[in-house]
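Thanks for coming. I have one structure today, and I will talk about its charged side chains and then its overall layout. Please have a look at it before I go on.

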Amino acid sequence: QFAVRLAPGELSLGKTHGTLLDRLELEGLIYSHPTHRFELNSLTLAWQPTALLSRQLKIVELTVSGLHYQELAGTEPPFILPAVRLPLKVTVEHAELTDVAIIQDTTRLRVKHVLLNAELEGDRLAIRQFRLLVHPLSLIASGEVRLQGNYPLKLAVDWRGIADGQALAGRAKLSGDLREL
């Protein structure tokens, strides 16, 4: 309830179960701002708060279902990737998103499923496993990204999909940075 009062814009929350000290479940979260709106059917967060004593944020499970984002006003400035260097190590053992919808102007993107297992230490993001399902395409990736400058990266990617009734599949190794790609 404290966050509801402090958030710029309007924040409402349906139900909560558990506590932030162990496992927290939220249902019916809605955040509206003049430029965007988020709706979230459910969120589950399980973490190990004692890991903070050794300068680690350890997320055991982060599950999000029914995440819908809509840009309400086309006045958002272009997104610039920030340099990130955290003072603690962040481990995400299992993050899962299902039923994601992103609406921006006339563009609609529906993501069926995202799965992530990763670790961030300093500016180094180690992606152990990333899975993405956007019908009819599925993608699996792993590798490393540096969260600074133009985000240099090394990734291994496998993908499968269907186009014009034909099954397609491929594998690639990507290296460089986001500007080059």
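D177 is buried, with a relative accessible area of 11%. The cut-off for buried is under 20%, so D177 qualifies at 11%. Keep in mind that this is a predicted model.

Which side chain does D177 meet in a salt bridge? It is R179, with 3.8 Å from N to O. R179 is exposed, at a relative accessible area of 57%. So this salt bridge joins D177 and R179, where D177 is buried and R179 is exposed.

Next, a pair between strands. K58 and E93 form a salt bridge, and their closest N and O atoms are 3.2 Å apart. K58 sits in strand β5, which covers residues 56–71, and E93 sits in strand β6, residues 89–104, so the salt bridge ties together parts that are 35 residues apart in sequence. Are these two buried or exposed? Neither: K58 is partly exposed, with a relative accessible area of 23%, and E93 is partly exposed too, at 32%.

Strand β6 also holds D99. The side chain of D99 meets that of R110 in a salt bridge, at 2.9 Å from N to O. R110 belongs to strand β7, residues 107–121, so here the parts tied together are eleven residues apart in sequence. D99 counts as partly exposed, with 30% relative accessibility.

Some salt bridges are linked to one another. R85, D123, R124, E144 and R146 form a network of them. How many salt bridges does the structure hold? The number is 13.

On charge in general, the chain has 20 positive and 20 negative side chains. The centres of the two sets lie 5 Å apart.

Now the layout. The chain has one helix and eleven strands. Reading along the sequence, the helix comes before the strands, in the pattern α-β-β-β-β-β-β-β-β-β-β-β. The C-alpha trace spans about 50 × 45 × 30 Å along its principal axes.

What share of the 181 residues is buried? Buried residues make up 25% of the chain, and D177 is one of the buried residues. The chain exposes about 12000 Å², with 58% of that supplied by carbon and sulfur atoms.

Last, contacts. Taking the contacts with a separation of 6 or more, 40% are between residues 24 or more positions apart. K58 and E93, at 35 residues apart in sequence, are a pair to look at when you go back to the model.

Technical notes. Residues are numbered from 1 along each chain as its sequence is written. This is a predicted model: local features need pLDDT of at least 70, side-chain atom pairs count only at pLDDT 80 or more; totals for chains, interfaces and linings use all residues. Side-chain values use heavy atoms; hydrogens and water are left out. Helices (H or I, at least four residues) and strands (E, at least two) are DSSP runs, numbered from the N terminus. Buried means under 20% relative accessible area, exposed over 50%, partly exposed in between (1.4 Å probe, protein chains only). Contact means heavy atoms within 4.5 Å. Accessible areas come from the Shrake-Rupley method with a 1.4 Å probe; for residues, only the protein chains shown count as cover. Lys and Arg count as positive and Asp and Glu as negative; His and the chain ends are not counted. The place of a charge is taken as NZ of Lys, CZ of Arg, CG of Asp or CD of Glu. A salt bridge is a side-chain nitrogen of Lys or Arg within 4 Å of a carboxyl oxygen of Asp or Glu.
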